[in-house]
Amino acid sequence: MNISKKSIRYIPIILILPVLLIRGFTTIYPIIVTFKNSMYNIKVLSGINEFVGFKNYIEVFKDDKVISSIEFTSIFVVVSMFFHVILGTILALILNLKFRGRRFLRTIVLIPWAMPAVVIGMAAKWGFNNDYGLVNDLIRRFIPDFQFNWLINTGSARSAVIAMDLWKDLPFFAILVLSGLQFISGDIYEAAKVDGANSFQIFFKITLPLIIRNIITLCIPFTLWRLTSFDLVYAMTSGGPGEDTSLIAYRIAMESFTNLNIGYASTLAIMLFILMALFSWFNIRVMNKYSE
């Protein structure tokens, strides 16, 4: 069978068309439906389903629970990512050193990341307990009369959630940074040492410039994962005390599956989607700047 050159150009399109259709149905269609629902006041328990336009979007900024969720989500993302970058890079540098047991350490350091967040959250809930938790038990070995309820105070509860998030995902971030360090030739370091450069100069003049693009690239998915984090808070604090550790993804889940307020939950989901899209665009622009 003879196929013209003009027809050959359409073969790749025909081959990938089924995948594009499936992807479009499973991704674009839900977004469209969610946006449509955000224009309605849909309350399953009350049987209400009425068009309200952009009223839900206006109500978001009057909702104290949502404002509290946005506040903590902002703190959670900024603080967590700050320590991911700083501590993750330090851990990667340590794992890149040559010492006995290096392979074993690289293996066991990933154990927290491999554990489900729900399991970590449940363990942390007991671990931060005032009466029989591991944290207070350790402190009481140095301060016998120490008493503190970590998860019923706003500041300490938020700090505990951020600490457990770091404990879980920091090793994975470090391993990915380590993969970038592996591509730096040892000859560059040897030449720098011959020229009299010390460890700090080598890091800031050679290592950091060579891995900065890798770190910025990693910040995109890790930040998006922080924005959509749900399971750790659900298992550890259930958003408490009050709504102080309620992340925006947790608030969306509560509005959807607990309050069955589908229209309002859809509004929050669309706003989160727009935020994630803008953040991704900004990070890609920054990444492209470093690649020029």
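In this predicted model, leucine 268 has contacts, beyond its neighbours within four places in sequence, with Val60, Val66, Ile248, Arg251, Ile252 and Glu255. Leu268 is also one of the residues that touch the most other members of the largest nonpolar core, a group that further includes Phe76, Phe128, Val161, Met164, Val177 and Met236. The core holds 51 residues in total. At least two of its residues come from each of α4, α7 (117-127), α9 (154-181), α10, α11, α12 (231-236), α13 (248-258) and α14. Helix α9 provides the largest share of this core, with twelve residues.

Arginine 251, one of the contacts of Leu268, belongs to helix α13. The relative accessible area of Arg251 is 4%, and the residue is therefore buried. When neighbours within four places in sequence are set aside, the contacts of Arg251 are Lys65, Val66, Ser69, Glu243, Ser246, Asn259 and Leu268. Val66 thus appears in the contact lists of both Leu268 and Arg251.

Helix α7 is among the elements that supply the core. Its buried residues are Ala117, Ile120, Gly121, Ala124 and Gly127. Viewed down the axis of α7, these buried residues fall within an arc of 125 degrees, so they line one face of the helix. The packing partners of the buried residues of α7 are α6 (111-114), α8 (134-140), α9 and α12.

Threonine 89 lies in helix α4. Its relative accessibility is 7%, which places Thr89 under the 20% limit, and so the residue counts as buried. Apart from neighbours within four places in sequence, Thr89 is in contact with His84, Phe203, Ile211 and Ile215.

**Pockets**

The largest pocket encloses about 640 Å³ of space. It is lined by 21 residues, of which Leu93, Asn96, Leu97, Tyr189 and Thr207 are the closest to its centre. Two or more lining residues come from each of α5 (102-108), α10 (186-194) and α11 (199-227). Helix α11 contributes the most to this lining, with five residues. By class, the lining of the largest pocket consists of nine nonpolar, seven polar and five charged residues.

The second largest pocket has a volume of about 310 Å³. Fifteen residues form its lining, and those closest to the centre are Ile70, Thr73, Leu227, Leu272 and Leu275. The elements giving two or more residues to this lining are α4 (64-95), α11 and α14 (262-291). Helix α4 accounts for the largest share, six residues. The lining of the second largest pocket has twelve nonpolar and three polar residues, with no charged residues.

Helix α11 therefore belongs to the elements that give two or more residues to the lining of the largest pocket, and likewise to those of the second largest pocket.

**Backbone features and accessibility**

The loop between α12 and α13 contains both Ser238 and Pro241. Glycine 240 and proline 241 are joined by a cis peptide bond, with omega of about 0 degrees. Serine 238 has a positive phi, near 55 degrees, in a residue other than glycine. A positive phi of about 55 degrees is also found at leucine 260, which is not a glycine. Leu260 is located in the loop between α13 and α14.

Ser238 and Leu260 are both partly exposed, as is isoleucine 13; the table gives their relative accessibilities beside those of the buried residues Arg251 and Thr89.

| Residue | Relative accessibility | Class |
|---|---|---|
| Serine 238 | 42% | partly exposed |
| Leucine 260 | 25% | partly exposed |
| Isoleucine 13 | 48% | partly exposed |
| Arginine 251 | 4% | buried |
| Threonine 89 | 7% | buried |

Isoleucine 13 is part of helix α2, which spans residues 11-38. The C-alpha atom of Ile13 is separated by 55 Å from that of threonine 154, and the two residues are 141 residues apart along the chain.

Definitions and conventions. Residues numbered from 1 in each chain as written. Predicted model: local features only at pLDDT ≥ 70, side-chain atom pairs only at ≥ 80, totals over all residues. Heavy atoms only, no water. 1 Å grid on protein atoms, 1.4 Å probe; cavity = no way out; pocket = protein on both sides within 12 Å on 5 of 7 lines; lining within 4 Å. Points joined across faces, edges and corners; volume = space filled by probe spheres on them. Helix = DSSP H or I, 4+ residues; strand = E, 2+ residues; numbered from the N terminus. Nonpolar A, V, L, I, M, F, W, Y, C, P; charged D, E, K, R; others polar. Core = buried A, V, L, I, M, F, W, Y, C linked by side-chain atoms within 4.5 Å. Buried < 20%, exposed > 50% of the residue type's maximum accessible area, 1.4 Å probe, protein only. Contact = heavy atoms within 4.5 Å. Arc of directions from axis to C-beta.
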